[in-house]
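Thank you all for making time this morning. I would like to take you through one chain, and I will explain each term when it comes up.

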Amino acid sequence: MPQLGLLPRRTWAALLSQLLRPPHSACIPAVGCHSQGTRDLSPEQMVVREKILDMVVSCFKRHGAKGLDTPAFELKETLTEKYEENSGLIYDLKDQGGELLSLRYDLTVPFARYLAMNKLKKMKRYQVGKVWRRESPTIVQGRYREFCQCDFDIAGQFDPMIPDAECLKIICEILSGLQLGDFLIKVNDRRIVDGMFAVCGVPESKFRAICASMDKLDKMSWRDVRHEMVAKKGLSPEVADRIGEYAQCHGGISLIEQMFQDPRLSQNKQALEGLGDLKLLFEYLTLFGIAEKICFDLSLARGLDYYTGVIYEAVLLQTPTQIGEEPLNVGSVAAGGRYDELVAMFDPKGHKVPCVGLSIGVERIFSIVEQRMKTSFKKVRTTETQVFVATPQKNFLRERLKLIAELWNAGIKAEMLYKNDPKLLTQLHYCENTGIPLVVIIGEQEQKEGVIKLRSVASRKEVAIKRENLVAEIQKRLSES
């Protein structure tokens, strides 16, 4: 497998031009125009987005993860064999000198490839990056064709369910920290799903197709999913009805015990293994103090084909709404599971590296926070400027430049107007409008006395500070605020 970093220069150039080309090459869109399913983010939106990402990444780091980045595109064969039912959603790039490439669909498959290529047997990693899917976008639900994913994964051979429990703990920490409202994490196991299909009479050749249908239960009614299974996937109505009986079961540890006694499911070895691991998982979740946030749900399937064991999906129980705000149905806000076979698919010798991971649905979370912003009328600061350098008099540009350089050199975030002789009122209004907390003022009188005036924008109080003490005084005030 050729390394993507070693592609010929002409291939790189052609790919880059294709990535940057407008989506509809027949027409050149106007500036600011973009295809459906993508969007520009304003400075106000970026502030909120960065706060969300900072909170997510700080949680990943708190749990010992290392950062990783992978290319935006992969060899087409790397991707198409791994998603099967979803492979039609992959964005293919044009053939460039014999290289068939596609934009990455998620961050999990590139991570598995990275582990195999570098012969790594153990790694705890996080990654934040854009992924692309050719599906019908539902903007109101925070669904896009180009979107950001935040992933955390633990690769390596460890004792059962310890890393899996930590992944669920991380989801709880992030969703609690973001204060999105009450949430629930549904868990199941692919071995239980496959065992359930087997005992219900689903032919093994249809397991993945029926699993993909069942994965739609969070968006469609059982009646519609059943119709798809029977009319489109060729399942007999009796088999679909048996699946429906199981799919309506959800609960806690007592349901796991109940399924151990189920006359059909208890006869399936795969299902029993999955139930045994889930029982152990719930023990660890109780020790972590999060068992009440977890629900064993037999309808959960997770449509991606690479899952092999425990799977989970976090949903908001209700989106908090304020007056005049429409409730948002955003679906799952985090999901993941165990994929023990994926790395072996990239390894020439087929060496396995067990993995478990999670993905935070930041775009959906962002759509909730964004709607809150619109209804709260809360002003968002789009810069972090701490100090503004002003003057009340003409011919002080050079003094302002010397002063602002002094502040920058001290690590202070500072701004000034790009005018020779701005009016003082214009400068003060700029600070009030942009939320800059402090203003330093230099003029003839201050220069003569060897001082600088330091003004609080909020209180409008001014004090004279000796020039040599200015930086220390600003740093003291900023540390107190």
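Leaving aside its neighbours within four places in sequence, which residues is Cys431 in contact with? Here contact means heavy atoms within 4.5 Å, and by that rule Cys431 touches Phe388, Ile436, Val439 and Val457.

Before I go on, please keep in mind that this is a predicted model, in which local features need pLDDT of at least 70 and side-chain atom pairs count only at pLDDT 80 or more, while totals for chains, interfaces and linings use all residues. Residues are numbered from 1 along each chain as its sequence is written, and side-chain values use heavy atoms, with hydrogens and water left out.

The term pLDDT is the predictor's confidence in each residue, from 0 to 100. For this chain the mean pLDDT is 87, and 87% of the residues reach 70 or more. Over residues 1-33, however, the pLDDT is below 50, although this stretch has 39 contacts in the model beyond near neighbours in sequence.

Now the chain as a whole. It contains 16 helices and 16 strands, where helices (H or I, at least four residues) and strands (E, at least two) are DSSP runs, numbered from the N terminus. Of its 481 residues, 48% count as buried; buried means under 20% relative accessible area, exposed means over 50%, and partly exposed is in between, with a 1.4 Å probe and protein chains only. Among the contacts with a separation of 6 or more, 69% are accounted for by residues 24 or more positions apart.

Let me return to Cys431, which is found in helix H14 and is buried, with a relative accessible area of 1%. Its C-alpha is 9.7 Å from that of Glu415, and the two residues are 16 apart in sequence.

One of the contacts of Cys431 was Phe388, and that residue brings us to the aromatic rings. Rings of Phe, Tyr and Trp (its six-membered ring) pair if their centres lie within 6.5 Å, and planes under 30 degrees apart count as stacked, over 60 as edge-to-face and the rest as tilted. The count by this rule is six aromatic pairs. Why is the pair of Phe388 and Tyr430 called tilted? The ring centres are 5.6 Å apart and the planes stand at 45°, so the pair falls into the tilted class. Phe388 lies in strand E12 (residues 387-390) and Tyr430 in helix H14 (residues 424-434), so this pair ties together parts that are 42 residues apart in sequence. Phe388 is buried, with a relative accessible area of 0%, whereas Tyr430 is partly exposed, at 28%. Elsewhere, ring pairs link Phe60, Tyr126 and Phe152 into a cluster.

Phe60 is also one of the buried residues of helix H2, and others among them are Val48, Ile52 and Leu53. Helix H2 (residues 43-62) has 20 residues and reaches 28 Å from its first C-alpha to its last, close to the 28 Å expected at 1.5 Å a residue; the expected span is 1.5 Å times one less than the number of residues. What covers the buried residues of H2 includes strand E4 (123-132), strand E5 (146-155) and helix H5 (162-177). Just after H2 comes Gly64, with a positive phi of about 85°.

Helix H13 (residues 397-409) makes a useful second example, since its buried residues are Glu399, Arg400, Leu403, Ile404 and Leu407. Seen down the axis of H13, these buried residues fall within an arc of 125°, so they line one face of the helix; the arc is that of the directions from the helix axis to the C-beta atoms. The face turned away from this buried side carries the exposed residues Arg398, Lys402 and Asn409. After H13 comes Gly411, whose phi is positive, near 80°.

Finally, two residues other than glycine with a positive phi. Met161, with a phi of about 70°, is found in the loop between E5 and H5 and is buried, with a relative accessible area of 4%. Asn395, with a phi near 65°, has its place in the loop between E12 and H13, and is Asn395 buried or exposed? Asn395 is exposed, with a relative accessible area of 71%.
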